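Biologist: I'd like a close look at one part of this protein, please: pick a charged contact inside the fold and show me what surrounds it. Take your time and connect it to the rest of the chain as you go.

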Amino acid sequence: MQEVEIEDEKRAIIRRYRRLLRHAKPVLKEGDAKVIKKAFNTSLEAHKGMRRRSGEPYIYHPLEVAQICVAEIGLGTTSIVSALLHDVVEDTDLGLSDIERMFGTKVMKIIDGLTKISGVFDQGSSQQAENFRKMLLTLSDDVRVILIKLADRLHNMRTLDSMPQEKQLKIASETKYIYAPLAHRLGLYAIKSELEDLSLRFTDREVYDEIITNIDATKGARDKFIRNFVKPIRQQIESLNVPFEIKGRLKSIHSIWNKMRKQNVSFQEVYDLFAIRIILDTQFENEKPMCWQVYSVVTDFYQPNPDRLRDWISIPKANGYESLHTTVMSDKGQWVEVQIRSKRMDDIAEKGYAAHWKYKESKDGESGLEMWITKVREALEQNDSSAIEFVDDFRSNLFQEEVFAFTPKGDLITLPHGATALDFAFEIHTEVGSKCIGAKVNQRLVPLNYVLKNGDQIEVLTSSKQKPNEDWLRYVVSSKARSSIKDALKEERKLFMAEGKEVIKRKLKQMKLNLDQEVLDQLTSYFNAKTPTDLFYLIGKGKIDHNEIKRFKSLKVNPRKHQTQISHPKDLKTKKQEVRRSESDLLLIGEDMDIVDYKFSKCCNPIPGDDVFGFVTVSEGIKIHRTNCPNATELLSNYGYRVVKAKWTSRQEKAFVAGLKIIGTDRLGLINDVSNVISSEHKVNMRSITINTDGGIFEGEIQLYVDDTKHLDQLIRNMEKVNGVLNVSRFN
């Protein structure tokens with residue numbers, strides 16, 4: 001590298017460091033600047049000569065992570081130091097003891113939480129899930145671990161372009177599955193939205209680019225609409241003599257895509273593309289009355305939708321979010337969401353957890369977010385399941401919206417959305433939950449699985465004879481209830497498992513087979529059990545007939561033949577075999593892009609031209625999924641190590657099944673016209689067609705054989721030209 005470039009890089013590093021200090025200045029106490037300088041120099045020296053995949057000096061990354069911590073999350077000196085050093089232990093010779101000696105125990109503990117786990121994982125485990133669990137375990141010590149990790153992930157997503165596609169897919173899916181919901185739950189809405197948008201960019205680039213293009217094309221008209229909408233409101237709020245600002249905020253690309261997908265509409269048909277935000281600069285004690293006064297002003301000019309009023313001022317969300325939301329009808333006949341909040345509320349909405357420290361003295365008692373962190377700690381202490389189960393439990397319980405219910409004495413209990421009377425009982429106390437036989441909701445008797453509604457008042461009914469059973473796991477959604485029920489069932493389960501294992505040993509002995517790992521894996525697959533322990537339990541419990549084990553012998557004696565049996569990604573290196581190059585071999589798989597046996601997954605039916613990846617299953621070899629498959633996010637997040645590259649070769653003569661959904665206005669001869677486009681113009685064979693008509697609107701699903709995505713896209717364009725057809729979209 002030329003000396004001029006090295007000098008330029010040195011200047012760029014110093015510029016970034018000085019920018020960091022400028023942003024940190026308001027939070028620095030005496031001596032803090034020295035500690036930050038020491039951390040910067042330590043990181044600079046430790047990462048000397050290291051470069052990122054993009055070719056940039058590695059030190060750019062810790063500097064940018066520290067910058068996000070300060071400027072976008074609002075953290076202080078300890079976090080800046082930890083962010084600057086967060087990769088040092090993992091990537092260099094410096095150890096945790098060195099960090100503790102140089103920067104103290106607090107920084108060392110944060111960096112320990114941020115350091116990835118090293119070592120060997122079980123075949124059914126997931127390194128990403130294990131890392132996530134370790135990171136969350138440090139929450140009981142210091143929540144800054146998670147906030148710095150989010151900053152680290154955000155910078156990695158911003159610089160993901162330089163990574164190969166399969167890495168982009170894994171990282172983007174993991175981000176959407178775990179980190180974006182975590183940012184949401186900690187109240188970091190700006191970071192959550194950016195993480196979701198960047199995930200979409202790398203998992204479905206075509207959709208992302210299309211929405212960006214539409215947003216740019218409609219900017220002028222949108223800005224004009226916002227100016228006209230706020231004009232009368234602005235004049236009226238000025239008369240309240242309170243400083244304020246009004247912003248027009250566009251919805252994130254990901255949330256626009258979600259609306260398009262869920263409502264099956266085009267970009268132009270998404271009515272609430274943006275929200276108007278009114279921010280009041282007022283004292284804490286005046287916030288609530290002033291927000292309601294502004295609400296009154298807005299609804300004087302525009303008709304509100306009574307079903308769309310959201311009062312998060314009286315009862316804030318669990319992550320501390322406070323705001324008053326309403327949706328009103330503009331004079332142009334368009335629904336507009338209006339958010340009304342104070343400057344303090346807006347700060348918490350943008351900066352999330354970190355902003356709570358700034359306003360901690362303003363409220364008595366425990367904040368909603370502190371209550372949430374207490375619940376997270378409980379879940380961590382009680383949960384001894386596998387890492388993947390843990391992540392699923394964590395997502396389903398702690399990333400959801402809440403339901404608010406009351407005890408007979410009027411105490412407020414907050415539970416995850418979808419919680420039942422049984423969840424409520426366990427939330428009161430584990431013993432109360434274990435003995436629960438039902439409940440009275442608003443004086444009416446209800447069963448254990450009654451789903452709570454906001455405002456319900458609940459009296460739990462118990463019996464000393466009651467005890468938890470397996471069905472209860474289907475009735476609860478909260479982490480506390482699930483782990484309590486699992487604990488109660490664990491001893492009983494152990495007995496059944498031991499009994500089941502003995503039955504299998506006995507039956508196999510009669511069949512002159514040994515209970516080794518290979519036989520156990522085959523038995524587990526044969527009975528569709530998730531794990532061998534599940535198999536032991538099902539047999540011990542009597543849910544699998546003991547005599548069925550005898551039938552397994554014929555499978556063992558005459559195993560099915562596979563051209564290339566692959567059950568783990570490592571097999572691609574050790575078992576690469578050339579299989580016959582038949583007409584159906586359209587894919588190259590693995591790092592060296594060999595041809596191996598594979599199957600197309602039925603959940604997304606990939607066709608040539610789709611962006612795809614290979615997923616190594618335990619018992620069915622490699623399955624090919626589209627990158628935007630409904631199941632892709634979970635597979636790539638939890639089992640990223642099982643993902644292999646897959647790339648289409650030059651197309652050969654083979655047809656693939658694709659499904660199209662068609663919506664339009666019913667008229668005589670419409671079906672005939674659509675059929676002509678498919679059969680006559682495109683020479684495509686249909687596999688099936690179903691049409692339903694209701695009130696002059698028809699909806700249909702057509703399954704047909706196509707060559708590739710190019711062929712399919714052309715067909716869709718021509719079908720949409722048919723008079724009466726409103727929308728044609730692919731559904732698998």
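Modeller: Happy to. Let's start with E287 and R344, whose side chains meet in a salt bridge at 2.9 Å, N to O. This pair ties together distant parts of the chain, since E287 belongs to helix 15 (residues 287-301) and R344 to helix 16, 57 residues apart. Please keep in mind that this is a predicted model. Both E287 and R344 are buried.

R344 has another partner as well: its side chain forms a salt bridge with that of E322, at 3.0 Å, N to O. Here too distant parts of the chain are linked, with R344 in helix 16 and E322 in the loop between strand 4 (310-311) and strand 5 (324-329), 22 residues apart. As for burial, R344 has a relative accessibility of 8%, so it counts as buried. E322, at 6%, counts as buried too. As a general point, side chains of opposite charge can pair when their charged atoms come close.

From R344 we can step to helix 11 (residues 189-203), because helix 16 (343-351) is among the elements that cover its buried residues. Others in that cover include helix 3 (60-73), helix 9 (144-158), helix 10 (165-185), helix 12 (205-217) and helix 14 (253-263). How enclosed is helix 11 by the rest of the structure? Twelve of its 15 residues are buried, so it is largely enclosed. The buried set includes nonpolar-looking names such as I191, L195, L198 and F202, but K192, E196, D197 and R201 are in it as well. Helix 11 spans 21 Å from its first C-alpha to its last, close to the 21 Å expected at 1.5 Å a residue.

Two of the covering helices deserve a visit. In helix 10 you will find S173, which counts as buried because its relative accessibility is 2%. Setting aside neighbours within four places in sequence, S173 is in contact with T203, A632, T633, L636 and S637. T203 is one of the buried residues of helix 11, so this contact gives you a specific point at which to look at how helix 10 covers helix 11.

In helix 12, the side chains of R205 and D209 meet in a salt bridge at 3.3 Å, N to O. The two are four residues apart in helix 12 and are therefore separated by about one helical turn. In general, an α-helix has 3.6 residues a turn, so residues three or four places apart point the same way. R205 is partly exposed at 38% relative accessibility, and D209 is partly exposed as well, with a relative accessible area of 35%. Compare that with the pair we began with, where both E287 and R344 are buried.

Now for the strands in this stretch of the chain. Strand 2 (residues 274-280) is largely enclosed by the rest of the structure, because seven of its seven residues are buried. Its two faces are both covered: F274, I276, I278 and L280 are buried on one side, and A275, R277 and I279 on the other. That layout fits a general pattern, in which the side chains of a regular strand alternate between the two faces of the sheet.

Strand 2 has partners you can trace. Strand 1 (residues 244-250) runs antiparallel to strand 2 and is joined to it by seven bridges, with L250 standing opposite F274. Strand 6 (residues 335-342) pairs with strand 2 in the parallel sense, over six bridges. There, Q339 in strand 6 is the bridge partner of R277.

Just one stop remains, in the loop between helix 13 (219-238) and strand 1, where N241 lies. N241 has a phi near 55°, a positive value in a residue other than glycine. In contrast to the buried residues of strand 2, N241 is exposed, with a relative accessible area of 71%.

To set all this in context, the protein chain has 30 helices and 21 strands, and 48% of its 732 residues count as buried. A search of the whole structure finds 21 salt bridges, among them the pairs E287 with R344 and R344 with E322.

Methods: Residues are numbered from 1 along each chain as its sequence is written. This is a predicted model: local features need pLDDT of at least 70, side-chain atom pairs count only at pLDDT 80 or more; totals for chains, interfaces and linings use all residues. Side-chain values use heavy atoms; hydrogens and water are left out. Buried means under 20% relative accessible area, exposed over 50%, partly exposed in between (1.4 Å probe, protein chains only). Two strands pair if DSSP finds at least two bridges between them. The expected span of a helix is 1.5 Å times one less than its number of residues. Contact means heavy atoms within 4.5 Å. A salt bridge is a side-chain nitrogen of Lys or Arg within 4 Å of a carboxyl oxygen of Asp or Glu.
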